[in-house]
Amino acid sequence: MSETLLCSRNLAFELYEVLDAEALIRRERFAEHTRETFDAAIGTARTIAEKYFAPHNRKADENEPRYEDGEAVLIPEVKPAVDAFLDAGFLNATRSFEDGGMQLPTLLSQACFAHFQAANAGSTAYPFLTMGAANLIESFGSDAQKQRFLQPMIEGRFFGTMALTEPHAGSSLSDIRTRAEPAEDGTYRLRGNKIFISGGDHGLSENIVHMVLAKLPDAPAGVKGISLFIVPKFLVNDDGSLGPRNDVLLAGLFHKMGWRGTTSTALNFGDNGACVGYLVGKPHQGLSYMFQMMNEARIGVGMGAVMLGYAGYLYSLDYARQRPQGRLPDNKSPDSAPVAIIAHADVRRMLLTQKAYVEGAFDLGLYAARLFDDTTTGETEEARQQAQELLDLLTPIVKSWPSEFCLKANELAIQILGGHGYTREYPVEQYYRDNRLNPIHEGTHGIQSLDLLGRKLAQNGGAGLKQLIRLIAETCERAKSHENLNALRAPLEQLVTRLQTVTLGLLSDLAQGKVTSTLANSALYLKAFGHAVIGWRWLEQAIRAEQGLAAGNPADADFYKGKLQAARYFLTWEVPGCHHELALLEARDDTCLAMQDEWF
């Protein structure tokens, strides 16, 4: 089953040939690890994902969480799976040994977590959210808050959520209405409503710690007036024992198209005027704190989209190899045996497109995890700063590109199975439904495109962008050593050259105050920029594949040739198409902006 979840050969290629995971062992923090300990952790993750998570993926989809007596009730298989995840130490994979963690690099932690995301996206969400909430408290909480809430989260006794969205505001956080009134004991009393809170209620843990955005009475308007609060489902006594139920009410559950295994909740805070919350950090700084969890979640969402696309690709690949149907166009004999559908050119086109999308995005997601390691364990302060600048720039791409194009891969997987793909007897339709959420949550494509063009490009004087351009140029230069890659390198160089010109023009318009018109077509920019990044990552993979072929191991020849063919597809079929988007951006086309409400 494991090869239908994640290709282990490709994972090894990424870790040890492309991203040089073994170099991390030379850093002091990871010095006690070896390639063997890395592989052992991955093997454990694969085993638990296969044994506990994958078997109830369909059942959780067919039996959504139920609302009973004010509580969310899950199918019984979820808790043993999550407990196995906790018992194996994956909740604290990156934490220090002295804190009970595995002290793994983020790169390896992400590689392990990818198996759970592919096996069962719904059940995996519960520990995923908890990790983000725990990191938030660890970064910005007080010592008392860490003792009362973080330690039980690290131990897996408390789980966590992020509570941002409100019914009237959606993604517009500046318009939230949840209020927090100071109390005499130094705590706060919250009142408000939050929706789409994933993991907002369940029976998997003793307590649920909600990270809630709210506004104080003296808060300035807009996002500068948002504060962050810890709001537990159950109050916690000074000795760590659970106290009474906090004034947090499960108002209802949302019924979703996919991702049905994760509770999506509406929560009411303070209906009885007694919702106790604890201010995290300084007043009015909550959104800046929450961005840490949001950015972690965005990278995680991107990898989740990758793994759903990956699972669909591998399933449709296996199906295409096993399913006999039809004959090749040059064979007119009805007496000849049908061929496996992978022999048909259009099926191979759809499989190659999927491979290019999911393996390109998989590389990018792991590259982002490797960058995160560099932000914390890089050899110099300058190296750590550069890694952070590049990671900040790439985060909108890591989230949005897989959410769009790995979803397209899921669509192609359904197409390859034909009528069977459209039925619930096969998993590819669920992969599609589950993945359809990823372009929406943690910031839509539109939000990511505004973040990229309106904020990230010019951040720190464009340091991240300059660094990315330099890295792409270095990759193209190394590709010149391989004659076979000239045809692949040229389209990327042409796209990046034109993209730089367009970028300078758009940034100039923004500097002149032409904000609305410049950002109107930011989605086009996001797509072209994302394709340039994925094209760069594919050229990197192609270089490693050429090196692998030159090493002469016959057992790997087909794998490396497949890599080269997927790189060829993306760089010669997909990348040149981005010039259409760039032409519209160059022309400052206002077709969408000029459309009037009354004209629809």
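This passage walks through the fold, the charged pairs and a few local details of the protein chain. The model is a predicted one.

Starting with the whole chain, the secondary structure adds up to 20 helices and 12 strands. The radius of gyration is 25 Å, close to the 25 Å that the globule rule gives for 600 residues, so the chain is as compact as a globular protein of that length. Laid along its principal axes, the C-alpha trace covers about 80 × 60 × 60 Å. Of the 600 residues, 56% count as buried. The contacts tell us how the chain is wired: taking those between residues at least 6 apart in sequence, 74% join residues at least 24 apart. On the outside, the chain exposes about 24,800 Å², and carbon and sulfur atoms supply 52% of that area.

Next come the charged side chains. Side chains of opposite charge can pair when their charged atoms come close. Here the count comes to 40 salt bridges. One of them sits within helix H10 (residues 345-377), where Lys355 and Glu359 are four residues apart and so separated by about one helical turn. Their closest N and O atoms are 2.9 Å apart. Both ends of this pair are tucked away: Lys355 counts as buried because its relative accessible area, 13%, falls under the 20% cut-off, and Glu359 is buried too, at 3%.

A second pair bridges a much wider stretch of sequence. Glu540 and Arg478 meet through their side chains in a salt bridge, at 2.2 Å from N to O. This pair ties together distant parts of the chain, with Glu540 in helix H17 (residues 522-551) and Arg478 in helix H14 (residues 463-479), 62 residues apart. The two ends differ in how much they show: Glu540 is buried, at 6% relative accessibility, whereas Arg478 is partly exposed, at 34%.

The pair formed by Glu429 and Arg424 is also a salt bridge, with an N to O distance of 3.6 Å. Here Glu429 counts as buried, with a relative accessibility of 8%, while Arg424 is partly exposed at 37%. Neither residue stands alone, since both belong to a network of salt bridges that links Arg58, Asp61, Arg260, Arg424, Glu429 and Arg433.

Away from the charges, Asn410 is worth a look. This residue lies in helix H11 (residues 381-417). Asn410 counts as buried because its relative accessible area is 0%, under the 20% cut-off. Setting aside neighbours within four places in sequence, Asn410 is in contact with Leu308, Gly309 and Gly312, and also with Tyr431, Tyr432 and Asn435.

As for the strands, E8 (residues 234-236) and E9 (residues 242-245) pair in the antiparallel sense over two bridges. Val236 has Leu242, in E9, as its bridge partner. Together E8 and E9 make a hairpin with five residues between them, and in the turn Gly240 has a positive phi of about 90°.

Backbone angles elsewhere also catch the eye. Most residues other than glycine have a negative phi. Asp69, however, has a positive phi of about 55° even though it is not a glycine. Asp69 is placed in the loop between strand E1 (66-68) and strand E2 (71-73). With a relative accessible area of 80%, Asp69 is exposed, because the cut-off for that label is over 50%. His284 is another non-glycine residue with a positive phi, in this case about 70°. This histidine is found in the loop between strand E12 (275-280) and helix H9 (286-322).

Lastly, there is the surface itself. Met595, Trp599 and Phe600 make a nonpolar surface patch of about 420 Å². Of these, Met595 lies in the segment after helix H20 (591-594). Met595 is partly exposed, with a relative accessible area of 31%, and it can join such a patch because the cut-off for patch residues is over 30%.

Methods
Residues are numbered from 1 along each chain as its sequence is written. Side-chain values use heavy atoms; hydrogens and water are left out. Patches are made of residues with over 30% relative accessible area and no salt bridge: like charges are joined within 9 Å, nonpolar side chains (Val, Leu, Ile, Met, Phe, Trp, Tyr) within 5 Å. Accessible areas come from the Shrake-Rupley method with a 1.4 Å probe; for residues, only the protein chains shown count as cover. A salt bridge is a side-chain nitrogen of Lys or Arg within 4 Å of a carboxyl oxygen of Asp or Glu. Buried means under 20% relative accessible area, exposed over 50%, partly exposed in between (1.4 Å probe, protein chains only). Two strands pair if DSSP finds at least two bridges between them. The radius of gyration is taken over C-alpha atoms; the globule rule is 2.2 Å times the number of residues to the power 0.38. Contact means heavy atoms within 4.5 Å.
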